[in-house]
Amino acid sequence: MSALAVRATALRRGWWLLAVGCLVGAIALGIAIGPVRLGIGAVAGELVDRLPFVTTSSGLTEQQTAILWELRVPRVVLAGLVGAMLALAGAAYQGVFRNPLADPYLLGVAAGAGLGATLAISYLPSTTSWPVDPLPLAAFLGALLGVAVTYVLGRSRWRNQSTATLILAGVATASFLTAIQTYVQQQQDDTLRQVYTWILGQLTTASWREVGLVLPYLLVSALAIVLHRRLLDMMSVGDEEANSLGVDTQRVRLVIVIAASLGTAAAVAVSGLIGFVGVIVPHTVRLLFGSSYRVVVPLSILFGAAFLILTDLAGRTLVAPAEIPIGVITAFLGAPFFLIVLRRGGRAA
């Protein structure tokens, strides 16, 4: 093996160590820091005590243990899953549409989820006695409806491999669904506060139930995208060139769009509309580590999870005991980032 190849391999290992280190650090901070100080050492002892064949004393009280396992850990896990999925979906969309500004909400997922959640909040009776919370289900179905309508509107040109028409169909669908949502909100103005709380993104009610609800969809979506990451590199040269190399670009694009949309729908169903994660994380990964999707896709998963865990931590600690909606913080970070990328003309794509 040449010296150059050895250096490249060592560099890639360094990237992975950095990404894993950032994620582990974010998880540790997210679990340890909060209104009730637990201490990283005590938390580590409690986590080790849960390992098979290991017994140790963490020093945490019964109340602190309950806070750790029923509040902190599921919230951190859910934030990590949602952040990983949104970043991964953003990278996938940017790959199939060859646009560094594409994000997971491009094809009407956000508008559909917002409409579904608004309808559930506005018209369903009190859900406290329901065996299953209908709000995530309504948001999930609404998100899938948005993508389905976009695909139907753009499918005639989709068959002719026109991604621009599909994007325009997504814009039209989002505008239409948002108009319906606005009408519903005006008719049911007593629910405005609850609707906007959901729209701004929140993980305050995170529990193991939400983790179990979203995990299967995210695993299937992530697996499909990761398995197609090499084909994304081939598609980056253009459809004609990729087709000449034996890549069925229409099939690959459809599979990736479906997988990314399904995962995004599941993520927003439990977290609300958290914007800009799918732009900030994969574009930063591309700037720092190169544009190959064999690198961008897996690193986006790790850095996306770490990013949203830290963002959620900031939201619940900056103005404690109150909380800043997580969507507000990501928008505060993402809007300037988006403008910088736009000013650069997406040269890192």
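## A tour from helix 6 to helix 12

Begin by selecting Val171, which you will find in helix 6, the helix that runs over residues 163-187. The model on your screen is a predicted one, and this is worth keeping in mind at each stop. Colour Val171 by accessibility and you will see a residue that is partly exposed, since its relative accessible area is 47% and partly exposed covers the range between 20% and 50%. Now add Gly108 to the selection: although Val171 and Gly108 lie 63 residues apart along the chain, their C-alpha atoms are separated by 7.1 Å.

Next, show helix 4 (109-123) together with helix 6, and look along the two axes, which are 9 Å apart and form an angle of about 20 degrees. Because angles under 35 degrees count as roughly parallel, helix 4 is described as roughly parallel to helix 6. The crossing of these two helices is left-handed. To see what each helix brings to the contact, select from helix 4 the residues Ala111, Gly112, Gly114, Leu115, Thr118, Leu119, Ser122 and Tyr123, and from helix 6 the residues Ala174, Leu177, Thr178, Ile180, Gln181, Val184 and Gln185. Sorted by character, the residues of this contact comprise eight nonpolar and seven polar ones, with no charged residue among them.

From helix 4, step back along the chain to Arg98, which sits in the loop between helix 3 (62-97) and helix 4. Most residues other than glycine have a negative phi. Arg98, however, has a positive phi of about 50 degrees without being a glycine, and with a relative accessibility of 41% it counts as partly exposed.

Move on to Phe276, in the loop between helix 11 (249-271) and helix 12, where a second residue other than glycine shows a positive phi, here near 75 degrees. Phe276 is partly exposed as well, its relative accessible area being 26%.

The last selection is helix 12, residues 277-289, whose 13 residues should span 18 Å at 1.5 Å a residue, and whose end C-alpha atoms are indeed 18 Å apart, so the expected and modelled lengths agree. Is this helix mostly covered or mostly open? It is mostly covered, with 10 of its 13 residues buried; these are Val277, Gly278, Val279, Ile280, Val281, Pro282, His283, Val285, Arg286 and Phe289. Finish just after helix 12, at Gly290, which takes a positive phi of about 105 degrees.

Key: Residues are numbered from 1 along each chain as its sequence is written. This is a predicted model: local features need pLDDT of at least 70, side-chain atom pairs count only at pLDDT 80 or more; totals for chains, interfaces and linings use all residues. Side-chain values use heavy atoms; hydrogens and water are left out. Helices (H or I, at least four residues) and strands (E, at least two) are DSSP runs, numbered from the N terminus. The expected span of a helix is 1.5 Å times one less than its number of residues. Buried means under 20% relative accessible area, exposed over 50%, partly exposed in between (1.4 Å probe, protein chains only). Axes are lines fitted to C-alpha atoms, for helices over the stretch in contact, and angles run from 0 to 180 degrees between N-to-C directions. Angles under 35 degrees count as roughly parallel, over 145 as roughly antiparallel, 65 to 115 as roughly perpendicular and the rest as oblique. A crossing is left-handed if the near helix is turned anticlockwise from the far one by less than a right angle, and right-handed if clockwise. Contact means heavy atoms within 4.5 Å. Ala, Val, Leu, Ile, Met, Phe, Trp, Tyr, Cys and Pro count as nonpolar, Asp, Glu, Lys and Arg as charged, and the others, Gly among them, as polar.
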